[in-house]
Amino acid sequence: MNEHREALVVGINRYPLLKDTTTRKPKHLEKPAADAEAIAQILEQYGNFRVHRLPEVYSPEGKRGVDPSPTSGNLIKATTLEVAITQLFNPPGSSIPDTALLFFAGHGLRKEQGGVTEGFLATSEANPNRGKWGVSLGWLRQLLQQSPVRQQIVWLDCCHSGELLDLLDEANPGKEGKAVDRCLIAACRGFEVSREQFQGEHGILTAALLQGLDPDTDVDGWVSNNKLADLINKEMSGELQRPIFHNSGGAIILTDKTHGRQRQVDPTLKGTCPYKSLNYFTQEDAVFFFGRTALTDELIDRVRQDNFIAVLGASGSGKSSVLRAGLLYQLKRGQKLSGSDRWIYYGPFTPGEHPMQSLGELGIGNWELGIGNRELGIGNRELGIGNGDGEILPTKILPHSPHSPHSPHSPHSPHSPHFPHSQRAILVVDQFEECFTMCQDEEERKEFFACLLRMVAESNNKLCLVLGMRADFLGKCAEYAELADKIDQHLVTVKPMSPQEIKEAITQPGEQVGLQVEQALVTKMTDDVIGSPGSLPLLQYTLTELWTEAQTSPNRHRLTLESYNQLGGIEKTLPKRANQVYQSLKEEEKPVAKRIFLELVQLGEANDTRRRVRREDLVNPQHSEELLEQTIEQLVRAKLIVTTNEAKSGSSKPGVILDIVHEVLIRHWQELRQWVEDNQVALEKERRIEARAKEWEISGKPEDDPGRLLQGALLIEAESYVKDYGNLGLLDGIAQEYIQVSQTVQERLNKKEKAAQAKSLILLGSLVVVSVISVGAFFQWGVTTRQSTIAKLDKNLTRSRDLLPNKPVEALILAIQATGESGSSVFTLKKVLPQVESNLDNASRDARERNVIKRHEKDVNSVEFSLDGKYFVSGSSDKTIRLWDTKGNPIGQPFTGHEKDINSVAFSPNGKYLVSGSDDGEIRLWDTEGNSIGQPFQGHQGSVTSVAFSPDSKYIISGSHDRTIRLWNTKGNSISQPLIGHDAPVTSVAFSPDGKYLVSGSYDGMIRLWDIEGKPIGQPLTGHEKDINSVAFSPNGKYLVSGSDDGEIRLWDTEGNSIGQPLTGHDSPVTSVEFSPDGKYLVSSSA
């Protein structure tokens, strides 16, 4: 501790004028002086306090102490004590301590007069009979309120000391707008007397204080005010007197066995925050990278053995950090893998919108690796390769070697891959999912994949390719067989950190800069993070916030649980920060910030992801470059977005790339989630228009080629977008110019067409032929019929477009009808009109996209319609159930009560109830207003995977991971014993239509039939080779259908006989099967 800390300890034994009312003897005390001296010594020894004593005496050896038997000249008077306390809490001049502590042991007095009660610290001249009481506690309260000292500590071991705290609001640190930390402890309540120990050297409170202040007994080696309060409460729980506490503000470190000395740290790291907020760790940050030793070692071992590694993990699991600060850092050191410090390193880079271009910018020559015909735009960079996201990575290479991959004199042919004989190369591609989220060119994507795989295959095992990708994009890779096979064979999964690894990630970085983390904080943060694979960025962000807050407090070398609780914990910290930043913006900046965040979100079918945009593309008439600049700067400084310089591409001027700092902001900031939900349709349309505008810009902004401009329905849609959503300011400048040019050209074409029609009529009128009447009639019939057909189609198109925002399915039906009418009118129209084709395309797209309902915060695991078809219910991994109408509007509030993921939901046939099953092992019954009915159904010893109602709505069946099926009534009472027969978790259960039978499917690959009493019927139905995921009865109850991980669907009779051959066609596990209402068809879904 380097802060200025002052303490005043007072121990008054002598009270010559304070007489006992019975014996008339002075009420002297024996222990206050000893109490004060003991407190003084521990504060000097472990608290780094400069201690002033009253009354003070020097021993013959010259040692200071509290005088137990002061002479008359050394007795403490009220004026003396008031001056000393004022000097402590409100000293003159600028020498204000960071921390001030007052300890008083002695008599306390209570004055009651006229209904007013006041407490006093009795000094030696106290004599209530003569109006002398001592120092007023009311005055002390006011002094604390006016004090400029940041950390104020008052401990009173005397009678009636609780008077100081009886009106806590008077000492509220927020009253005067000052940031004040306070620790006030009184030995007893205002109406109580304080007592000394019958045995021992000290008063009861002082004894507890001394025990609690000893840092040698604390697990962290230091004691805060909050820890001290907890210990005193425990120690005095059996005493007659009750201590009173008031801890407010931040934590105050009272004692520390290290005397506040920091461990020896690297001078270059002093003052450095050891945590990374929402950014990943780079190689330069490796000194602070802890908790991933085992994973790093596994990756190094894979590099030693293989030439391809796919590192997959959840968003926020730390993939980017382990690749940079773990794998690459250790390889370049060469201490874990011999010779790796002499290898060549390319990247890490991110694919971006044009992955082939990003690859080329690394300096890997296509002449060298034979990576395809596309020009990569390779520069001459050698040392210091850019990674595509602003990081410069020094790469060891022999610059003058003729065999260097950068040497312009390489003797090898363009299609003959070559690496230096004794060196290996590592190519790292991070955020590989950008190939799907950002690259919209399917051909370039395929070429990029083929290029990478060819480089690996043709490098003679000298190149090792390392990919980092979010695990939820693995399914996208399945569409590319060769890539998918490689990933399957060389997969490394980034698993959630173990509790020990999380503790290392919290404490070890701090140790590098002399920072101590309270053990209680470590335990709490570990508990909050464990089991949440995407929470590591939130952990780092919260630690960064704790560190930042500590730098402005006297405890700048410690992180405490108190501060963590004040921040709101892991998940509330970032949204809280985002809200604070947004609200701090100027009014004109807020809509710009809202637009920026919306633009940085890539809409997805299930989960939204991050999206990068060019700053220059955001400029439009509503948002000037200057306004964008100042808003972006605010968001960057707040670490909510990041900027990187765009690499120069061709002749275009490089710009600045904006990116949201991490996807946790998309997932956890409710304000942003609401913005996205409210503007989903606008964003989808905006990006379609901008994509067309981009193509127009690339082609040179031609105005003489109507095919490249907006026409017909596309132009009408764009004009409608501007009318409905133009105030949002989402469209970039190029898109707005594109619409304006399209409108201008369309107006010119319309005028030209009208002029041509007028000319044709004049020409027709001048023709003199025998059949003039019939020819004119035929021509007029053609014009009239064509115009009538177009008018009718335009009417349908307008109706379709009007329906599209709210009734997308009806809009799609009209669009299909219009297409049919247009196609059948070829005699008059010659072809299907472009605007009709465009409307069909838009309607089919919106009908699909608009029916995506996003309200749950995590995966939706189960949905079911009510029997009348008016409503449906959904259950999610966010632990909530939601009720919806068929338009996707939520009804009421989410149903809450489950503590873990919800796996299955079902409507009762009478429409009155809902039932849900969860990973918490419970089944819950609800009414349709979301009220829980009765107590949760308990009995399963594992996750409940499937629930269903009987046809009469009286019974409920459930299946569980505990391998059992249970039958319940609606009161939650179990009917009969659990149904036992499966050898693995039960995944699916169903009632027969007559309610007499049950069917169940399991991971053991078997289907079982049961009667309503729980007795098995016949032998298990076998035939599937893998897990059963779904079973269902036919509407007539005569047949069963099942779907399995083996990709097959099987049909059975109720005797257990397989009917026909298995139904095949799915390439992946069959996840759900169901009969059509008439029993004639089957529907199935696959993963």
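Two strands count as paired if DSSP finds at least two bridges between them. Keep that in mind as we walk through this model, which is a predicted one.

Let's start with a pair that passes that test comfortably: strand β37, residues 955-960, and strand β38 pair in the antiparallel sense, with 5 bridges between them. To find your way along the pair, look for I956, which stands opposite W968 in β38. The hairpin made by β37 and β38 has 3 residues between the strands, and R963 takes a positive phi there, near 75°.

Now stay with β38 and look at its other partner. Strand β39 (residues 974-980) pairs with β38 over 4 bridges, again in the antiparallel sense. Here L967 is the residue to look for, standing opposite I975 in β39. This hairpin has 4 residues between its strands, and in it G972 has a positive phi near 90°.

So how much of β38 is buried? Of the 6 residues in this strand (964-969), 6 are buried, so the rest of the structure largely encloses it. You can check this face by face: T964, R966 and W968 are buried on one side, while I965, L967 and N969 are buried on the other. Both faces of β38 are covered, in other words.

Next, move back along the chain to a sheet with parallel pairing. It is an open sheet of 5 strands, and reading across it you meet them in the order β15-β18-β19-β14-β20. Which strands stand at the edges? They are β15 (344-349) and β20 (491-494); each has a single partner strand, so one side of each has no neighbour in the sheet. On average, neighbouring strands here are turned by 15° against each other, if you ignore direction.

Inside this sheet, zoom in on β14 (residues 308-313) and β19 (residues 463-470). These two run parallel and are joined by 6 bridges. One residue to pick out is L312, whose bridge partner in β19 is M469. Then look for helix α13, residues 481-489: it lies across β14, β19 and β20, and runs at about 80° to β14.

Now for some charged side chains. Side chains of opposite charge can pair when their charged atoms come close. In this model, the count of salt bridges comes to 33. Let's visit a few of them.

One is between E518 and K227, where the closest N and O atoms are 4.0 Å apart. E518 sits in the loop between β21 (516-517) and α15 (519-529), and K227 belongs to helix α5 (residues 225-235), so this pair ties together parts that are 291 residues apart in sequence. Are these two buried or exposed? Buried means under 20% relative accessible area. E518 has 6%, so it is buried, and K227, at 17%, counts as buried too.

Another salt bridge joins K336 to D297, with 2.7 Å between the closest N and O atoms. This pair also links distant parts of the chain, 39 residues apart: K336 is in the loop between α7 (319-333) and β15, and D297 is in helix α6 (residues 293-305). Here the residues count as partly exposed, with K336 at 40% relative accessibility and D297 at 34%.

A third example pairs R324 with D430, whose closest N and O atoms are 2.6 Å apart. R324 is in helix α7 and D430 is in the loop between β18 (425-429) and α10 (434-437), so to speak two distant parts of the chain, 106 residues apart. R324 is buried at 0% relative accessibility, and D430 is buried with a relative accessible area of 1%. Salt bridges can also share partners, and that is how E37, E44, R53, E56 and R64 are joined into one network.

Staying with charged residues, find D285 in the loop between β13 (253-256) and α6. D285 is buried, with a relative accessible area of 13%. Which residues does D285 touch, leaving aside its neighbours within four places in sequence? They are K276 and Y280. With K276 there is a polar contact, side chain to side chain, at 3.0 Å.

Our last stop is helix α23, residues 680-698. At 1.5 Å a residue its 19 residues should span 27 Å, and the end C-alpha atoms are 27 Å apart, so the two values agree. After α23 comes G700, which has a positive phi, near 100°.

Note on methods. Residues are numbered from 1 along each chain as its sequence is written. This is a predicted model: local features need pLDDT of at least 70, side-chain atom pairs count only at pLDDT 80 or more; totals for chains, interfaces and linings use all residues. Side-chain values use heavy atoms; hydrogens and water are left out. Axes are lines fitted to C-alpha atoms, for helices over the stretch in contact, and angles run from 0 to 180 degrees between N-to-C directions. Contact means heavy atoms within 4.5 Å. Buried means under 20% relative accessible area, exposed over 50%, partly exposed in between (1.4 Å probe, protein chains only). A salt bridge is a side-chain nitrogen of Lys or Arg within 4 Å of a carboxyl oxygen of Asp or Glu. The expected span of a helix is 1.5 Å times one less than its number of residues. A polar contact is a pair of N or O atoms within 3.5 Å; within protein, one must be able to donate a hydrogen and the other to accept it, and residues adjacent in sequence count only if both atoms are side-chain atoms.
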